[in-house]
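Work through the following exercises with the sequence and the model open. Each task is followed by a solution in steps.

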Amino acid sequence: MAATECSSLDCDPEASGRKARVYVWDLDESLIIFNSLLNHQFALANPSCPKPEASALGEQWQDAILDFIDDFFFYRQVEDVNIAHVSELDKFPDSDDDSPLDLDASSSSGPFTEICKDVALRMRAAVSLYGQGLETMDISLKRSADLCDLYEKTDQMANGWLSHARKTLLELQRLSTRLREEEDTETHMMLVTTGELLPTLAKLMLFRLEEFFRPDDIYSAKGPGKLWCFKHIQQRFEGTAVRYICIGDGPEEEAAAASLTWPFLRIALDTTGCATIGQKEDTKVHRANGYLLSCKANDSFGSKGRCLTMLSAQELHALTLASDRT
């Protein structure tokens with residue numbers, strides 16, 4: 001299913017003048033399970049999970065994502081380029097030349113500005129495919145069945161993590177309708193990930209989450225860092241009464257959220273629900289993107305971390321009330 005047309009869940013508040021709730025999500029090990037399968041962190045956090053099987057699933061996902069971006073997103077032609085946000089493509093408008101361009105051809109020769117235009121054209125085409133949805137792509141029945149099988153096996157191993165993520169976003173979508181009608185408040189889903197933009201679009205499609213995030217609500221923090229992305233999001237809602245909440249598993253997004261006084265909900269890999277709440281606070285220092293980040297032992301809600309499957313849409317909805325940010 002394609003991403004919703006007007007916004008991730010509704011129209012931009014800067015156009016409507018309404019109040020807004022903004023959920024800023026991390027992707028890997030927050031909404032989906034992927035890297036932790038490859039590096040064994042998920043198995044370590046869940047001893048009942050067999051490490052070899054988890055690693056094999058991670059490798060299958062890695063192959064599926066790489067094959068997908070090569071086959072549909074022209075990744076071989078643009079893999080040396082990453083953009084933080086689709087708005088960067090506006091710097092390089094399509095050429096006025098009406099002659100057809102072979103999107104599968106190399107973009108590595110010619111004047112610099114022409115190379116940038118060719119790369120931008122391919123990225124724009126990939127973003128357009130993402131917006132149309134996975135069901136519109138020319139995927140063989142075998143490939144579709146293999147992807148479905150991979151999803152189901154991963155979801156089972158992760159105690160329903162993937163299906164719960166989708167269910168939670170669907171329920172938040174339904175809650176947004178009531179918020180709009182009863183409180184004149186819009187709801188928005190933003191995604192900020194350390195991954196590159198095109199592989200991130202592929203992940204969202206293959207993990208069945210693309211309908212919840214419009215292309216311009218997705219940010220790659222690989223270059224500028226998460227704080228820059230968060231500030232860019234904040235600028236989009238300038239002049240609007242906004243309640244933010246950031247949901248993720250990493251110290252970089254936690255520190256970035258803290259610097260903007262956004263409440264942070266920490267996601268933990270432990271699917272047994274054993275994460276502790278209300279423990280004594282202390283501070284830990286992490287390094288990310290060349291910066292030292294200071295993070296408290298507990299998140300904004302007194303938890304050392306909670307598994308996504310232990311969270312409901314209603315709880316997330318209520319936690320946004322913890323933000324007094326306007």
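**Exercise 1.** List what Leu-31 is in contact with, leaving aside neighbours within four places in sequence, and place Leu-31 in its core.

Step 1. Contact means heavy atoms within 4.5 Å. By that rule Leu-31 is in contact with Trp-25, Asp-26, Trp-161, Leu-162, Ala-165, Leu-169, Leu-191, Leu-209, Phe-213 and Leu-308.

Step 2. A nonpolar core is a set of buried Ala, Val, Leu, Ile, Met, Phe, Trp, Tyr and Cys residues joined through side-chain atoms within 4.5 Å. The largest one has 70 residues, and Leu-31 belongs with Trp-25, Phe-73 and Phe-213 to those with the most contacts inside it. Helix H4 (residues 51-72) gives the most to this core, 8 residues. Helices (H or I, at least four residues) and strands (E, at least two) are DSSP runs, numbered from the N terminus.

Step 3. A second, separate core has 19 residues, including Phe-237 and Trp-262.

The model is predicted: local features need pLDDT of at least 70, side-chain atom pairs count only at pLDDT 80 or more, and totals for chains, interfaces and linings use all residues. Residues are numbered from 1 along each chain as its sequence is written, and side-chain values use heavy atoms, with hydrogens and water left out.

**Exercise 2.** Which strands pair with S1, and is S1 enclosed or open?

Step 1. Two strands pair if DSSP finds at least two bridges between them. S1 pairs in the parallel sense with strand S2 (residues 185-193) over 7 bridges, and Lys-19 stands opposite Thr-185 there.

Step 2. Strand S4 (residues 242-248) also runs parallel to S1, joined by 6 bridges; here Val-22 stands opposite Tyr-244.

Step 3. Buried means under 20% relative accessible area, exposed over 50%, partly exposed in between (1.4 Å probe, protein chains only). In S1 (residues 19-25), 6 of the 7 residues are buried, so the strand is largely enclosed by the rest of the structure.

**Exercise 3.** Locate the residues that the UniProt record annotates as "binding site".

Step 1. The unreviewed entry covers Asp-26, Asp-28 and Asp-249; such annotations may be inferred rather than shown by experiment. They span 224 residues in sequence, yet no two of their C-alpha atoms are more than 8.4 Å apart, so they gather at one spot.

Step 2. Asp-28 lies in the loop between S1 and helix H2 (35-38) and is buried at 8%. Among its contacts are Lys-203 and Asp-249.

Step 3. Asp-249 lies in the loop between S4 and helix H11 (251-259) and is partly exposed at 34%. Asp-249 touches Asp-26 and Asp-28, among others.
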